[in-house]
Amino acid sequence: MKQKHNVTVEGLGIEISTGTLAGLASGAVTISMGETELFVSVTAASSLRPGQDFFPLTVDYREKFTAAGKFPGGYFKREGKPSEKEILTSRLCDRPLRPLFPKGFMNEVQVIGLLLATDLTNEPDILMVNAASAATLISDIPWNGPIGCVRVGQIDGEFVTNPTHDEMLDSDLDLIYVGSEDKMLMIEGSAEFISDERFYEALVYGQAAIQPIIVAQKELAKLCGKAKKDFALLVTPQAIVDFCEEHAAEKVKGALGFDSYTERKLAIEVIAKETKTALEAKLGAENVKGDDVARAFDEIQEKLYRQNILDTGKRVDGRAGVDLRTISCETGVLPRVHGSAIFNRGETQALVITTLGTSRDTQDIDGLTGGAKSKSFILHYNFPPFSVGEAGRFGFTGRREIGHGALAERSLLPILPPEDEFPYAIRVVSEVMSSNGSTSMASICGGCLSLMDAGVPITAPCAGISTGLVTEKDADGNITKSVLLTDILGAEDHFGDMDFKVAGTPEGITGFQLDLKITGLPFDIALEAIKQNRDARMKILAVMSEHMPESRKDLREHAPRIHTIKIAPDKIGALIGPGGKNIRRITEVSGAQVDINDEGQVLVFATDKESMDRAIMEVDACTAEIEIGKTYRGIVRGVKDFGAFVECLPGKEGLVHISELADFRVNKTEDICKLGDEMVVKCLGVDKGKVRLSRKAALEEAKEAAEEEAPAADEAPVADEASEETTAAE
């Protein structure tokens with residue numbers, strides 16, 4: 001779609017355009033790569049909401065079915081609630097934009113992205129981030145951009161920028177990298193056991209790859225960028241900050257020393273209430289706003305948290321920067337479920353449950369883009385309000401829960417066995433019982449243990465941990481001092497500068513996510529964080545391995561069992577039967593589930609041995625052929641003057657000629673059998689698909705067998721006499 005202003009990103013095939021659409025938005029662009037095209041707008045509210053004390057940035061990405069030339073499903077034929085893919089893309093865009101807005105800027109900002117066209121080859125998520133950056137940069141909204149975003153893959157040991165869906169099938173790395181001109185801002189993705197060193201090289205590669213995107217955005221801003229407006233910044237009056245610090249700083253410092261998150265929280269609430277009362281007494285209640293006091297206390301806590309760490313190297317709970325909290329594990333905690341585990345790390349606790357299912361339990365993916373249309377491994381993460389000691393909305397799945405679940409899911413996926421070796425659908429559910437830092441990483445650790453408890457033969461145990469950061473800067477904004485924090489508390493996440501989550505096995509990294517509150521992370525600090533994270537992961541894995549060295553050898557009692565049968569592809573029709581008749585019958589009589597693929601692989605799912613054995617027998621019967629010389633117990637399906645047709649196997653029958661019905665002359669077939677009778681027959685031969693059966697031969701065979709089993713006539717009296725003589729003698 002050609003517009004008034006167009007710029008091309010050198011070497012990446014990306015074009016960014018503006019000037020024609022959505023003229024009333026603060027900023028709006030379209031972006032395209034191949035035949036995938038997005039529209040993104042950004043708009044800021046002109047004034048603050050009453051009582052507003054936070055920055056309401058909302059990012060919404062939507063995929064329109066018209067983009068792929070399709071109708072939406074459902075009765076109303078209209079797009080409904082956002083898919084998981086749309087939510088994850090929205091979060092992906094939100095996180096690097098947020099830290100670049102000025103401190104104190106509280107006007108609502110809304111970013112909306114619409115997928116206008118898709119070639120189903122080029123992934124639109126990275127385009128959403130780049131377009132949001134471009135739209136905000138050329139708008140009148142104050143913002144410290146631009147940023148660039150690329151996807152980095154690795155195919156045959158070589159890094160690839162923005163690989164297509166097909167290329168990603170051969171890639172062992174999926175890194176979404178976002179950065180500014182000289183620093184990284186956000187990363188997200190997964191890998192198949194990439195080493196720490198190679199991971200760092202991928203970050204450096206990503207930083208170089210985004211530079212043409214940043215250049216193009218600056219060129220667009222020169223062509224059509226608007227002058228930035230002066231928005232009123234929300235700043236706490238200095239007099240209130242000074243009063244709160246003078247009267248409460250020492251008390252807050254003492255409260256921060258409490259071991260329990262709840263104790264610290266309640267103590268600070270009491271101090272804040274007392275300080276507000278004292279402030280009202282001095283300035284008058286009408287001159288004191290509760291929001292001002294709350295912000296002042298937030299600033300005091302932030303200052304004390306950071307200052308203590310930077311000055312002493314110690315944290316509020318007494319740990320050094322590299323120390324983990326106490327870790328404990330427990331598995332097999334619930335009856336009847338297929339696998340369960342509890343993972344504790346300090347005050348963070350996750351109860352994780354694994355369920356094994358059949359191929360019918362795989363999840364269909366409802367997004368237009370993203371390659372795969374179904375998945376057999378699902379991880380759901382739930383964060384109830386009681387986990388942080390609060391009362392709140394329950395039963396609603398928020399964006400944060402979807403994002404944390406996706407991170408844990410892609411981190412555990414590489415350790416799962418291939419589907420042809422373990423053909424189960426697997427669902428892992430993490431119920432966060434208590435939260436004080438990095439519950440998504442606790443979900444990975446607990447999820448791994450739960451999979452092992454379920455008997456899933458994982459390739460290696462996997463753990464994850466988060467690394468935080470506290471920095472000190474000079475007047476020019478350059479970092480002069482920094483301390484990395486292993487296993488951050490919730491408060492250290494809130495008041496700190498970074499949340500860098502990495503998961504992996506002893507072999508390498510499987511999942512990662514970086515969020516910043518500062519305007520960029522220097523690469524030397526990133527490298528040190530990667531090393532520190534690995535040391536912590538190895539310690540966690542040691543604790544997990546001590547508790548459970550390997551997966552259970554057997555599945556739990558109530559888990560479904562799977563038996564695999566290989567049949568010739570030309571037998572599939574016979575097994576299914578007309579209109580699925582045979583499969584339905586097997587399911588009904590056995591209670592098992594039978595799935596068949598196009599290659600002739602038959603999977604039988606059952607929860608008990610009797611059901612499994614019956615299903616296997618029925619499958620064998622449906623796919624077997626009548627063999628010469630073998631005897632069958634069949635059903636008479638046809639009675640003719642010249643003999644009877646007998647069904648020996650499901651759907652397979654042969655003719656018993658009237659001369660083969662008995663060992664004497666038979667005048668009429670009806671004298672021997674009628675429709676529906678059981679008949680034991682022996683196969684005499686198969687001629688051009690026609691099966692010749694004989695009841696006479698089967699009867700003779702049975703008579704000979706009976707004679708062989710019976711004792712000889714002259715042996716019986718001797719045995720009896722010997723027995724009688726022995727008895728008499730005694």
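Local structure and packing in the predicted model

In the predicted model, Asn 582 is placed in helix H14, which covers residues 581–590. The relative accessibility of Asn 582 is 12%, and the residue therefore counts as buried, the cut-off being under 20%. When neighbours within four places in sequence are left aside, the contacts of Asn 582 are Ala 574, Leu 575, Ile 576, Gly 577 and Cys 622.

Helix H9 comprises 14 residues, 399–412. At 1.5 Å a residue, helix H9 should span 20 Å, and its end C-alpha atoms are 20 Å apart, so the expected and computed spans agree. Helix H9 is mostly covered, with 12 of its 14 residues buried. The buried set runs through Glu 401, Ile 402, Gly 403, His 404, Gly 405, Ala 406, Leu 407, Ala 408, Glu 409, Arg 410, Ser 411 and Leu 412. Leu 412 also appears among the contacts of Gly 447, a residue of helix H10 (residues 439–453). Gly 447 has a relative accessibility of 0% and so counts as buried. Besides Leu 412, Gly 447 touches Val 352 and Val 428, residues up to four places away in sequence not being counted. The C-alpha atoms of Gly 447 and Phe 343 are separated by 8.8 Å, although the two residues are 104 residues apart along the chain.

Strand E2 (residues 14–18) has five of its five residues buried and is therefore largely enclosed by the rest of the structure. Ile 14, Ile 16 and Thr 18 point one way from strand E2, whereas Glu 15 and Ser 17 point the other way; all are buried. Strand E2 pairs with strand E1 (residues 5–9) in the antiparallel sense over five bridges, and His 5 has Thr 18 of E2 as its bridge partner. The hairpin of E1 and E2 has four residues between the strands, and in this hairpin Gly 11 takes a positive phi near 85°. Strand E2 also pairs with strand E3 (residues 27–33), again in the antiparallel sense, over four bridges. In E3, Ser 32 is the bridge partner of Glu 15.

Five strands close into a barrel in the order E25-E26-E27-E29-E28, with mixed pairing. Neighbouring strands of this sheet are turned by 50° against each other on average, direction ignored. Within the barrel order, strand E28 (residues 678–687) and strand E29 (residues 690–694) form an antiparallel pair over five bridges, and Val 686 is partnered by Val 691 in E29. Helix H16 (residues 695–709) lies across strand E25 (631–640), strand E27 (652–657), E28 and E29. The direction of helix H16 is at about 115° to E28.

Two packed helices are described by the angle between their axes and the distance between the axes. For helix H4 (residues 196–209) and helix H12 (residues 523–547), the angle is about 150° and the axes are 11 Å apart. This makes H4 roughly antiparallel to H12, since angles over 145 degrees are classed in that way. The crossing of H4 and H12 is right-handed. On the H4 side, the residues that meet H12 are Asp 196, Phe 199, Tyr 200, Leu 203, Val 204 and Gln 207. Their counterparts in H12 are Phe 523, Leu 527, Ile 530, Arg 534 and Arg 537.

Technical notes. Residues are numbered from 1 along each chain as its sequence is written. This is a predicted model: local features need pLDDT of at least 70, side-chain atom pairs count only at pLDDT 80 or more; totals for chains, interfaces and linings use all residues. Side-chain values use heavy atoms; hydrogens and water are left out. Helices (H or I, at least four residues) and strands (E, at least two) are DSSP runs, numbered from the N terminus. Buried means under 20% relative accessible area, exposed over 50%, partly exposed in between (1.4 Å probe, protein chains only). Contact means heavy atoms within 4.5 Å. The expected span of a helix is 1.5 Å times one less than its number of residues. Two strands pair if DSSP finds at least two bridges between them. Axes are lines fitted to C-alpha atoms, for helices over the stretch in contact, and angles run from 0 to 180 degrees between N-to-C directions. Angles under 35 degrees count as roughly parallel, over 145 as roughly antiparallel, 65 to 115 as roughly perpendicular and the rest as oblique. A crossing is left-handed if the near helix is turned anticlockwise from the far one by less than a right angle, and right-handed if clockwise.
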